[in-house]
Amino acid sequence: GMTMSYLRPELPPIAITRCDMEKLTRIADSSAGVFAQTAEFLGREIDRAQVIEEFESRPGLVKMGSRVTFRDDVTLQVRAVTLVYPGEADVSQGKISVLTPVGAALIGLSVSQSIEWETQSGGRRSLTVLAVDSVA
């Protein structure tokens, strides 16, 4: 299949703050073309997320601007990235866009949660969140 799809039905519960939700919805809605598949994946994540207020946000929750340490469960490589909006992405600084497959998969997860998906080429990707630092 050419769309990003989950291999397993049991998806980890995710939560997104209202402020992030509004911005992410606009991004998912406006990102057709080259990002269409990831935007669709992000849109599905947004649709199923629990919306929380900023003050309800808990430690260990991946939000926009969070610094996330995660393990690639296929390669066992550990990476630390900062999750940013598309215009702020800078791979050299480890800033990855929420409109990348990894970014869209990370948003809303909490520490110790894992998520698995199928790549556009039919491969399997799986990652587990190890640590989250909120960046002011």
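## Guided tour: from whole chain to strand 4

Start with the entire protein chain selected: among its contacts with a separation of 6 or more, 61% join residues 24 or more positions apart. Keep in mind while viewing that this is a predicted model.

Stay with the whole chain and switch on the surface. The accessible area is about 6900 Å², and carbon and sulfur atoms hold 54% of that area. Of the 136 residues in the protein chain, 46% are buried.

Next, change to a cartoon view. The protein chain has 7 strands and 3 helices. Followed from the N terminus, the elements come in the order β-α-α-β-β-β-β-α-β-β.

Now select residues 67-72, which form strand 3, together with residues 78-84, which form strand 4. These two strands pair in the antiparallel sense, over 5 bridges. To see one of the pairings, pick Arg67 and look across to Thr82 of strand 4, its bridge partner.

Move to the turn of this hairpin, where 5 residues lie between strand 3 and strand 4. Select Leu76 there and check its backbone: phi is positive, near 65 degrees.

Then add residues 95-97, strand 5, to the selection. In which sense do strand 4 and strand 5 pair, parallel or antiparallel? They pair in the parallel sense, with 3 bridges. Centre the view on Thr82 again and find Lys95 of strand 5, which stands opposite.

To finish, keep Thr82 on screen with both neighbours shown: Arg67 is its bridge partner, and Lys95 in strand 5 stands opposite Thr82. Strand 4 thus appears in an antiparallel pairing with strand 3 and in a parallel pairing with strand 5.

Technical notes
Residues numbered from 1 in each chain as written. Predicted model: local features only at pLDDT ≥ 70, side-chain atom pairs only at ≥ 80, totals over all residues. Heavy atoms only, no water. Helix = DSSP H or I, 4+ residues; strand = E, 2+ residues; numbered from the N terminus. Buried < 20%, exposed > 50% of the residue type's maximum accessible area, 1.4 Å probe, protein only. Contact = heavy atoms within 4.5 Å. Areas by Shrake-Rupley, 256 points an atom, 1.4 Å probe, with all protein chains shown as cover. Pairing = 2+ DSSP bridges.
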